[in-house]
Amino acid sequence: MSRHLKIAAAQLGPLNLADTRTTATKRLVKMLRDAHSMGAKFVVFPELAFSTFFPRYWYEDQAETDRKFYEATIPSAETQPLFDEAKKLGIGFYIGYGELTQEEGRTRRFNTSILVGPDGTLVGKYRKIHLPGHAEHKPKAKFQHLEKKYFEVGNLGFRVWNFMDAITGMMICNDRRWPEAFRVLALQGAEIVALGFNTPSENLDYPEPPALRVHHHLITAQAMAYQNAIWLVEAAKCGFEDGNRMFGHSLIVSPTGEIAAKSLSEEDEVICVNADLDLATDLKRTVFNFAAHRRPEHYKLIVERVGAEVTPADEP
Ligand code: ING
């Protein structure tokens, strides 16, 4: 009998600037109950799940952004009901939030996610490593994407934890576009990767068909899950946030690279799969038997070189 785990992705519809943590928490608790009614034991919530996607705005006043968009403690009085309800229902969960912390004698800000066990204990923490966008103000742009201004690059690495009887790793949003991130988790034995995202439907830099952005989201999720033989659970925050659209398409993808469940709306929506955690066994024993097939002696450039440099061979 193979190991099964009922996993849900709890997609959050729009949170506007006027929405409070309390509003967000009420909606998250409602979805937790929905997931529970489906029999889910592990629920994945989105990136920055307690506020609107604030990196789309330029703020001068750091005290204002710290107060509005970062959690100095997790949980806090406003977010505590989510943690209480999860513990009551015996559900483990992943959730993303803006982390405000004092470390090494200074104030630091990260785009963070945590794994909380069904008994309410903090099991894992991840700080987003691939920060997209820019740090400077683009006054002529329709909207900003200031993750490089509002967050530091994560300093905790890509790690896995023993969580809900599975080896579970975490990522956040843009990380899903970088194969290296998945491979580092898979090389640690990851069986499940949980990932929350907030992805604008419109491209800030050039006119890109919105359907193409969804296409990229879908193909990368399937490819990364298959090439690393993992269950990949991706939960969106989406819909029109003060008029700024972000797409949904929350996904649960199997190690075979198949979309086992996908959201259909851009609202609060829970999708759930009874994941066979041993589905990856044959893949890991054969085609993706890393120990048997990988040749890292030929991959050195992946670590040594940051940007692409044209270096053609000068012999056949
Ligand atoms: N958002 C987007 C993401 O990586 C993005 C930014 C969109 C980058 C499309 C490149 C292409 O999904 C976050 N929050 O990372």
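# Two sheets, a ligand and a buried arginine

Colleague: Let's start with the open sheet that contains E7: in what order do its six strands stand?
Modeller: This sheet has mixed pairing, where two strands count as paired if DSSP finds at least two bridges between them. Strands (E, at least two residues) and helices (H or I, at least four) are DSSP runs, numbered from the N terminus. The edge places go to E6 (160-163) and E13 (259-262), each of which pairs on one side only. The full order is E6-E7-E8-E9-E12-E13.

Colleague: From which number are residues counted along each chain?
Modeller: This is a predicted model, in which local features need pLDDT of at least 70, side-chain atom pairs count only at pLDDT 80 or more, and totals for chains, interfaces and linings use all residues. Side-chain values use heavy atoms, leaving out hydrogens and water, and along each chain, as its sequence is written, residues are numbered from 1.

Colleague: Back to that sheet: which residue of E9 is the bridge partner of glycine 196?
Modeller: Strands E8 (192-197) and E9 (231-236) run parallel and are joined by six bridges. In E9, the partner of glycine 196 is alanine 235.

Colleague: At about what angle does helix H6 run to E12?
Modeller: H6 (210-227) packs on the sheet and touches E8, E9, E12 (251-253) and E13; contact here means heavy atoms within 4.5 Å. Axes are lines fitted to C-alpha atoms, for helices over the stretch in contact, and angles between N-to-C directions run from 0 to 180 degrees. Helix H5 lies across E6, E7, E8 and E9, at about 160 degrees to E7. For H6 and E12, the angle is about 30 degrees.

Colleague: Is arginine 176 buried or exposed?
Modeller: Arginine 176 sits in the loop between E7 (166-172) and H5 (179-186). Beyond its neighbours within four places in sequence, its contacts include Met171, Phe182, His217 and Glu234. Its relative accessible area is 1%, and the classes are buried under 20%, exposed over 50% and partly exposed in between (1.4 Å probe, protein chains only). Arginine 176 is therefore buried.

Colleague: With which side chain does the side chain of arginine 176 make a polar contact?
Modeller: A polar contact is a pair of N or O atoms within 3.5 Å; within protein, one must be able to donate a hydrogen and the other to accept it, and residues adjacent in sequence count only if both atoms are side-chain atoms. At 3.0 Å, the partner is threonine 199.

Colleague: What share of the ligand's accessible area does the protein cover?
Modeller: The ligand is surrounded by 13 residues (a heavy atom within 4 Å), and Thr199 is one of the closest. A ligand nitrogen is 2.9 Å from a side-chain N or O atom of glutamate 147, and a ligand oxygen is 3.1 Å from one in lysine 128. By the Shrake-Rupley method with a 1.4 Å probe, of the 370 Å² that the ligand has on its own, the protein covers 83%.

Colleague: And the other open sheet: which strands stand at its edges?
Modeller: Its six strands are in the order E5-E4-E3-E2-E1-E14, with mixed pairing. E14 is joined to E1 (4-11) by eight antiparallel bridges, and six of the eight residues of E14 are buried, so the strand is largely enclosed by the rest of the structure. Each edge strand has a single partner, so one side is left without a neighbour in the sheet; these strands are E5 (122-127) and E14 (269-276).
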